[in-house]
Structure formats: structure tokens, C-alpha cells
Amino acid sequence: MPERFEVALPDGVRLNVEATGPADAQVTAILLHGWTLDGRAWHRQVDALTAASAGGPVRVVTYDARGHGRSSCMALPTATLAQLGDDLAAVLDTVAPVGPVVLVGHSMGGMTIMEYAHRHPAHFAARTAGLVFVSTTAEGHTHTVYGLSPRIARLIRLAETTGAGVLARCGSWRTPRTLLNALQPSIRWMLFGDRCDPADIRLVTSAVARASLRSIGGFRASIGTQHRLDTLAALAHLPAAALVGDRDRLTPPPCAESIAAALPATELTVCPGAGHMLMLERPDEVNAALTGVLRRVLAEPTPGIHGAASAGTGV
């Protein structure tokens, strides 16, 4: 069973954290979820890594971002990617104070990793040994057209921006489950590709129901405007992987391609027929990419990282 605890942040927000594996593991994998989701989105990766490691060299940590899942709500001015980058630094100091970490981010989680690298470059360099980007972008909404014509996409974005401003002022309220159940066909269209397990739709709907309306609306602005390709270009020495579905309506393949271009050694995987929720839709591909990065980190010492492993098995 995972260990569950809270991390208290300086502004009073408390983050729900779950960790599996020994605290003194050779490497810690931190898995960051996307906008309106929570740490449960990674359950297939946690299960796979736990089974493969069997208490060995890898510790797996997930946490719910502020305003999401079981974590507490926050003041509206802190609903930004910049704050999420600061939160990640604080989580690392608490749950993995020593040893190398592999950072794994889906959608907003990937953008959080980039913000952490941008805002805390020395801290990032001292701790980070590998990166995995899943269905994310370093260019805000540059490539997001929802699989529609650019003109219709602009209208949708205008409506979305207006709605986000309203939701951001609704504080810690949650979306009624009855409304979310009615919206399930739209959620399925937006987030999934050709195939979708009904259990995955239920999981995503449950996660959205836990997210505060302030977080659903508040993070929208910084997600749309973030640009961190220059930050990524400075990280080209790290083992990395990027994955995207070719049916992804939110972060389509050009998003992953630009990340791979900024990180030339990145292994890029495009999953045919898959949408935005690759951890659920294509767990084998995500697990393989994550395992590949972890193996490289375990096999080779990472200069400048205290406690880096010189060898490892079991991943």
C-alpha cells in the first residue's frame, strides 16, 4: 500500500502526496498530473513501477497539485504555473531531499517541470537526472486547435477564456457530479482518442469533480501563455522521453515535436489513435518510456547530483 501524507507549503496550502517504495531508493520518480486531474491518473504507471522494482532502486511519488484532488484550495493569485514550479521544488525538498529524481509530467504537469527548471535552475540541476514529458507542450496554446479549423478553435478559445474567468471566482466550489455526468461525451471527445475504457472516463470525471472551480478557471491563463523552449534547450544533456497521441486535441504532435527539437537526445513516441490521456490509453508505451529513462539514470552516474546511482536493476 502507498504511504499517504501531506506537504505543507509556505502559503498554507496542503498537498496530498502518495509514495511507494523505500525512502532510501537509488532514484525517486515524481509523477505530476495534468490540469483538472489528480495523482490517480498515474495508477497504471505506479503499479508497473512498483511491481518491477519490488522494493528495489526506485521510489514512486505522486501528488495532487494545489486546488486539485485531495489537496487544499488556494488564493486565486497563486493559481499559476509559476507557483506550481515553486510547489514542485518544495515537494522535492520534503519527499526526496537527497538523491537523483526523474520528473514525469502529463500536460500541466510537464509545464510545471519546465517552470521549475526556469525558476529554480540551480535546484533543478542539483536534483534532476531524467525527464519524461507526456502529452504536454512548451508553447502554451500555440498548436491547440482542438482538431478543428483555426477559426472555430479561436471561437472556442474565446469562450473558454471567458468561462475560465467566471469559474476562477467560484473559490473552492466543485463542479456538480450530475453536470459532469452529462458532459461525459464531451470529456471523452476532448481527452481520448479512438478507444476509451469506460473505467477511464469514470476516473477522469471523478478527478474533475474533485478539482476546485478556482483551479479549473484560474490556471487557464498561465497555461495558455507559457513559453519555455529556451529553458528546455539548456537541459539537452539529460536522459529524456516525450510521448504524444496523434489524436490529441489539446497538445497535438507539433507540441511534442518542438520539445524533441529542443532536447535532441529525447526519444519521441507518437501513439497512433491515442488522445490526450496516454497514461490511461497507452500505458505500455508510457511505462516503456519511463522505464527506459530510469534505466539510463540508474546505469550512469549523473554529475552534480548527490547520491546518483552507479548501477541498478529491477526497473
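These exercises walk through strand 4, a residue of helix 2, the largest cavity and the confidence of the model.

The model is predicted, so local features need pLDDT of at least 70 and side-chain atom pairs count only at pLDDT 80 or more, while totals for chains, interfaces and linings use all residues. Residues are numbered from 1 along each chain as its sequence is written, and side-chain values use heavy atoms, with hydrogens and water left out.

**Exercise 1. Find how many residues of strand 4 are buried, and on which faces.**

Solution.
- Locate the strand: strand 4 covers residues 58–63. Strands (E, at least two residues) and helices (H or I, at least four) are DSSP runs, numbered from the N terminus.
- Apply the cut-offs: buried is under 20% relative accessible area, exposed is over 50%, and partly exposed lies in between (1.4 Å probe, protein chains only).
- Count: 6 of the 6 residues are buried.
- Split by face: V58, V60 and T62 lie on one side, R59, V61 and Y63 on the other, and both faces are covered.

**Exercise 2. Work out which way strands 2 and 3 run relative to strand 4.**

Solution.
- Set the rule: two strands pair if DSSP finds at least two bridges between them.
- Take strand 2 (residues 14–20): 4 bridges join strand 2 to strand 4, and the two run antiparallel. V17 stands opposite Y63.
- Take strand 3 (residues 27–32): 6 bridges join strand 3 to strand 4, and these run parallel. Here V27 has V58 as its bridge partner.

**Exercise 3. Decide how D93 is classed by accessibility.**

Solution.
- Place the residue: D93 sits in helix 2 (residues 81–95).
- Read the value: D93 counts as partly exposed because its relative accessibility is 44%.
- Add a distance: D93 and R127 are 34 residues apart in sequence and 9.8 Å apart in space, C-alpha to C-alpha.

**Exercise 4. Describe the lining of the largest cavity.**

Solution.
- List the lining: L32, H33, Y63, A65, L84, M108, G109 and T112.
- Find the main contributor: helix 3 (residues 108–119) gives the most, with 3 residues.

**Exercise 5. State the confidence of the chain, and where pLDDT stays under 50.**

Solution.
- Know the scale: pLDDT is the predictor's confidence in each residue, from 0 to 100.
- Take the chain: the average is 90, and 90% of the residues score at least 70.
- Find the weak stretch: pLDDT stays under 50 over residues 302–315.

Key
On a 1 Å grid over the protein atoms alone, a cavity is a set of points where a 1.4 Å probe fits but cannot get out, and a pocket is an open set with protein on both sides within 12 Å along at least five of seven lines; lining residues have an atom within 4 Å of a point.
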